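Hello,

Here is the structure I promised to pass on to you. Please open it alongside this message, and my notes on what turned up follow below.

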Amino acid sequence: MSRSYYIMCMMAITFLNLIGIPMEIAFLDGANGLGWERFNVFSDTLFLIDVALNFRMGIIPEDSEVAILDLKQIRISYLRSWFIPDVIAAFPIGYILFFADLQYNNEDNPSKANRMMRILMFVRILSLIRLVRVSRLVRFFNEVEKVSNANLEVVRLFFRILSLFMMIFLLCHWNGCIQYFVPMLEEFPADCWVRKENLMNATVSVKYSWGVFRALSQMIALSYGSMDAPTNYVELWIVMVSMISGCMMYTVLVANATTMIANTDPTAKEYKSKMCRLEHYMTFMKLPPELQLRISKYYQARYGGKWFDENDVIDTVSSALKEEMLLAMCSRLLKKVPMFQDQDAHFINAVLLKLSYEVFLEGDVIARENAPGDRMFFIDHGEVGLEAGSFQKDLCDGDYFGGGFNVGKPDIR
């Protein structure tokens, strides 16, 4: 449980880093960005600790739910897989920026201050390598699914949708920051969009909003308002990159949405496939329409729109689990049938292993007189009519009967 909380905490810190790093580089100067730099120092420390912890943290393989706890195997696996990307992502540039900003703010000599400013800008650009942490975000999502034992399809679907929208948001966010960052590197030429929109002295929120607006307009190929054509080759390349990233985003969104919809309910999908093959078979065999309708109704009553092989599931578990499963599924029946009440547990378990689930439609003949008495029926839900000459009786939930009874003209329906 503690590992789950740790992973979710690191996932939140990683996401905040992936948002804050581009904004700090593009929009914040040393004075306004001091709070971000403190946060970067804190997160860099956490990522360095995370690298150290990964040498001792158990690994859950892709093809197994059993964690590897042997320290030697953990270290070898980590060194061969994600150690180098994690070290690059955890490089403590936040410390360098923090102390460099303090030195720049305390510098009185103008020439040294300018030189420090250029060094500071280079370090800020170099800090973009911390965006490699996006790989950690993807891995954290995968680990959350494994550690939380998310076997429910709805939980897996939620994590997939959440991760997809987080990645789309990050793409739009980074693109919006680039829209402002590149003109800033060129020291805002006269024909750049920042000067045209008179954003030189605007607040960070206004600059960021315009940057994201331009990015989205280019990514979805929608020209709106004051979106003019690129005025130089640098802006031209930014627009082309935005358009390509927008096409990729749209493709990934459609592909993932299609996959998630197709895999939302695999049992319902399998049921529709079975029903389609059944309809083709009944048509090919030229069965009467009335019989085809009864067969379709039986499938709907028996499976309820979900296809599963109950015998296959029960046969693949241990005998102890099989008894528990049958006991759980037949608990309502055992409470209704007087024959099973106050009986020995061994007798109940012996009977459970012989039970099989059957569904009959209205009008079906279940048993006839003098038929071999090789089966006994316990009614879990529904009504059964007993007809024997002038004798009639209705059986309901909890009643039971057997084949081959000796009463006049018997039909049990």
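Glu 270 has a relative accessible area of 32%, so it counts as partly exposed. This is a predicted model, so please read everything here in that light. The partner of Glu 270 is Arg 277: the two form a salt bridge in which the closest N and O atoms are 4.0 Å apart. Arg 277 is partly exposed as well, its relative accessible area being 45%.

How many salt bridges does the structure hold? There are two. The other one joins the side chains of Asp 364 and Arg 294, at 2.1 Å from N to O. Asp 364 sits in the loop between helix 17 (345–352) and strand 1 (367–368), while Arg 294 belongs to helix 13, so this pair ties together parts that are 70 residues apart in sequence. With 33% relative accessibility, Arg 294 falls in the partly exposed class.

You may also wonder about the cysteines. A search of the whole structure came back with zero disulfides. Cys 9 is partly exposed, at 44% relative accessibility, and Cys 396 is partly exposed with a relative accessible area of 39%.

Next, the empty spaces. The largest pocket has a volume of about 1300 Å³. Which residues lie nearest its centre? They are Ser 356, Tyr 357, Glu 358, Val 359 and Phe 378, out of 40 residues that line the pocket. By class, the lining of the largest pocket holds 21 nonpolar, five polar and 14 charged residues. Several elements each supply at least two residues of that lining: helix 13 (289–303), helix 14 (310–315), helix 15 (319–329), helix 16 (331–336) and strand 2 (376–378). Helix 14 gives the most, with four residues. Helix 13 is worth a second look while you are there, since Arg 294 of the salt bridge with Asp 364 lies in this helix.

As for enclosed spaces, there are two cavities of 30 Å³ or more. The second largest cavity has a volume of about 40 Å³. Its lining is made up of Gln 179, Pro 183, Trp 193, Arg 214, Gln 218, Glu 235, Ile 238 and Val 239. Helix 8 (153–185), helix 10 and helix 11 (233–262) are the elements that give two or more residues to this lining. Helix 11 contributes the most, with three residues. Sorted by class, the lining of the second largest cavity has four nonpolar, two polar and two charged residues.

That brings me to helix 10, which covers residues 204–219. At 1.5 Å a residue, its 16 residues should span 22 Å, and its end C-alpha atoms are indeed 22 Å apart, so the two values agree. Which residues of helix 10 are buried? They are Lys 207, Tyr 208, Gly 211, Val 212, Arg 214, Ala 215, Ser 217, Gln 218 and Met 219. An α-helix has 3.6 residues a turn, so residues three or four places apart point the same way. With that in mind, try following the buried residues along the helix, for instance from Lys 207 to Gly 211 and on to Ala 215. Arg 214 and Gln 218, both on the buried list, also line the second largest cavity. Just after helix 10, Ala 221 takes a positive phi of about 55°.

Happy exploring, and do write back with any questions.

Best wishes

Key. Residues numbered from 1 in each chain as written. Predicted model: local features only at pLDDT ≥ 70, side-chain atom pairs only at ≥ 80, totals over all residues. Heavy atoms only, no water. Expected span 1.5 Å × (residues − 1). Buried < 20%, exposed > 50% of the residue type's maximum accessible area, 1.4 Å probe, protein only. 1 Å grid on protein atoms, 1.4 Å probe; cavity = no way out; pocket = protein on both sides within 12 Å on 5 of 7 lines; lining within 4 Å. Points joined across faces, edges and corners; volume = space filled by probe spheres on them. Nonpolar A, V, L, I, M, F, W, Y, C, P; charged D, E, K, R; others polar. Disulfide = S-S within 2.5 Å.
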